[in-house]
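Here are some notes to read beside the model. Please keep the structure open as you go through them.

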Amino acid sequence: MTDQNISDNSITIVQVNMARTATANEDLLLYAQKERIDVALLQEPYVRYGRLVGLETSPIRIILSPGVQQKGGRNILHGAAIVIFNPTITALARNDLTCDNFAVATISIGTGKDINLISAYFKYRTPTAELVGTLRRITRSCGPNTLIGADINAFSKGQWFSKTTDARGQLVEDYIAEEQLSVLNKRNRLYTFSGPRGENNIDITLATKDISSHIKDWDILDGEITSDHRLITYKIGGGDRISIKLTKKRYATRCADWDKFMTELTLQLHHAGTDIYYADLEDRTELLMQAIKKAADKSIPKRKITTKKETPWKSWRSFAGDIREDIWGRCFRWIKKGSASHEAPSVLKKPNGEYTKTLRETLQYLLDTFIPSNPNEAGHIQEPRKELHEYQETSMVEVKNAIWRMSTRKAPGGDGIDAKILRKAWNVIAHPVTELFNDLLRSATLESNQTKLSTMLTRGCPQGSGFGPSLWNIVVNEVLKKNNGDHTHRVAYADDIVVLTAGSTRTDIIRKTEENLNDLIEWSKRYGLSFSSSKSAGMPLKGGLAPGHHIEFGGIKIRIEDNVKYLGIMIDKDMKFKTHISNIAQKKTEDFSRLRSMVGSEWGANFNTALLLYKAVFIPRITYGASIWMENWGKVETAKINRTQRIPLLAVTGAYRTAPTEGLQGVAGLLPLDLQILWEGIRQEARQGEITSGTQEELQQDLINIWQDRWNKSTKARWTYKMIPDIKTRMSTLLELDHYVVQYITGHGDFAAKLHSLGLRETPSCNCGLEDEDPEHAIFNCSNTIEERNNLTRKVTEAGFNWPCDISTFVKTRALFEAFKKFAKETLKAKKQEDMGA
């Protein structure tokens, strides 16, 4: 890397010890946005469950050192981290060098401009000589163009201007001299550390000689981070900062002077001369784009489209509230997948044990692995026909048609050139564009200002191609037609192949299976395919082939397991699907735990939104393939699957966690999950033609009767049972719940009697002084709810019922329920205000 290369661009870096405080993470995020920080080198960051809390916002990328369990505690502590704030910086995690208390990455700030970053934390109780040895190994592996930000817990009066020099500092000084590094610290009125032990300099910035002269404006800032260490800031390079523009240039094509545009474009191409045809592909691409842009600048007025600059973090309630406006937006994506991983792409380990070192090398290794340039490496027996490599030129008409298929309404890229401008320019650029297009295809490359890699594709079909599935069916059909002998059978779905073998003895089964598999190996070699050993497994369905044995398969060994996964379903050897039930119970609970956290009494997802997500997302996911595994459960599996429903029910109803599951099922009008799985399994059988529609209705009615019988016999949620005694009526009545009415229906809410039973209130008595406060008292007797009760009484009598009525009356019709819902909200809000005033 030349000096000129580094100085072409600049980035701003900060380094600081975060003292493992959550507020420091928040401070850093605020400061990074305010000051447009590109990279942060952190020591002792605040990490929870392996994530930097508060910094998990796209497009931030994080390289985190491994965690170590705290002595005498359960916390996992991470010593160092590197945070890439700027999305335009290409970052590669050096997992081959990252280790305890050291995080390492390689970043690129332009073509060929790689810089190695090391964040290091010298733990005070770990011998400094040991830590220096680790840092020396990492530094030498990184080589030139390396920058180090470290909390070394050591003093040096002469090198980094501490108040004194100690033995630890001398070890670090020796390392700096041995590796010929530059210390970038400058004298400052502030010290890098200021805590109960006083002030001193223990944080240093080091760099190899080749980049040290390009590091500018090293400084210590006070009061920016909530930590006993102060923030250190500096810049690398002297050019323009790499950044994403918040405003995009667009041309007002309606006001364009197209005659002037054509004249200017012709002039620009004339100035380019023969380079437009004979220069390097990258230069030709740039010349052509610059000619169009310069012509557009002189002939088409510009208008600015200002992108709203949102902070990447929002208050949780504000974020959760977005789901009311856009159910399938980012809130839904978070519920579905959780927090996205913000780890930077990593180096890869090669078969020889060595690691890739740069982004280019890593990408090239991936390209060579997944698209081998030499067909013989993939097992080809015959050389590909020569005509496969020949390129048929694309005509000018074909290129024109491609441009005309581009929508003129589609937003342009950052250069502002849209389809309308390209169409207007076509008469001038037609020949050079067509020549460039063909030359790019001949070279099998795509040109850009980013990393450029190329390979010759000699076999296979592109992902998503129209002919891909049909061609694969032709290839795999050969496998399905041929079965090796008796008692063997093959099944395939896409590229998932199952081999079924039967035999009288263990030896007989293994022999037949291996013969069958060897035939598959020969088939795969003929088509240049290979099987994944990590995705291949065997399982005994019955008999004495116990788990732990192996079967030979093309030089690898397939282990016999207790269960295997096929097409998304875990199959046990006894066909009771216990593992599948356990897996879906755990995963789907996590999904709706996230939804539950987005439901509040006055914010976040409302009942309709939560119910829609339950029916449209949760149920289809959990009942996938239910017709296969819906029967033959034991009591343990039934209990486990029903426990899975609890958190979704809390999310849908907005009830308190103390409310029993049986009651929540009735409140929401949702089948117990074990019965819901049977319900969906019956539907699947009806769609497949295995049962008639009449049988489907009968079986589903049986499920409702089973639920009703359970509800009648249950000893839990008896107050809810009085209000909703008939399950069929509840399922047929559309009721929109909220947090307040659910408190009345479940009896678990802001009622003195319930709070007293939970040890949260000294007395069960109501403030009115008449009797214990529970929902029944509040509805019919409490003197504090007279006004609200009168309104409710009027609605009930108008509907033809006597007052006082049976409490089940409130859920008989939607109109009565809405009146009851209004009563619940008004009374509970008034009670809350009264309690706050008291």
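The points below cover a sheet, the helix on it, and a helix pair.

1. First, a caution. This is a predicted model.

2. Start with the sheet. It is open and has six strands, in the order 9-10-11-12-16-13. The pairing is mixed. Strand 9 (90–93) and strand 13 (181–183) form the edges, and each pairs on one side only. From one strand to the next, the twist averages 25 degrees.

3. Now look at one pair inside that order. Strand 12 covers residues 146–151, and strand 16 covers residues 203–208. They pair in the antiparallel sense, over five bridges. To find the pairing on screen, pick Ile 148: its bridge partner in strand 16 is Leu 206.

4. A helix packs on this sheet. Helix 4 (residues 167–179) touches strand 12, strand 13 and strand 16. The direction of helix 4 makes about 130 degrees with that of strand 13.

5. Move on to helix 12 (residues 396–404) and helix 13 (residues 419–443). Their axes come within 9 Å and cross at roughly 130 degrees. Angles over 145 count as roughly antiparallel, and 65 to 115 as roughly perpendicular. The two helices are therefore oblique to each other. Their crossing is right-handed.

6. Which residues in helix 12 meet helix 13? They are Met 396, Val 399, Lys 400, Ile 403 and Trp 404. On the helix 13 side, the residues include Leu 422, Arg 423, Trp 426, His 431, Thr 434 and Phe 437. By class, this contact has nine nonpolar, two polar and two charged residues.

Methods:
Residues numbered from 1 in each chain as written. Predicted model: local features only at pLDDT ≥ 70, side-chain atom pairs only at ≥ 80, totals over all residues. Heavy atoms only, no water. Pairing = 2+ DSSP bridges. Helix = DSSP H or I, 4+ residues; strand = E, 2+ residues; numbered from the N terminus. Axes fitted to C-alpha atoms, helices over the stretch in contact; angles between N-to-C directions. Contact = heavy atoms within 4.5 Å. Parallel < 35°, antiparallel > 145°, perpendicular 65-115°, else oblique. Left-handed = near helix turned anticlockwise from the far one by under 90°. Nonpolar A, V, L, I, M, F, W, Y, C, P; charged D, E, K, R; others polar.
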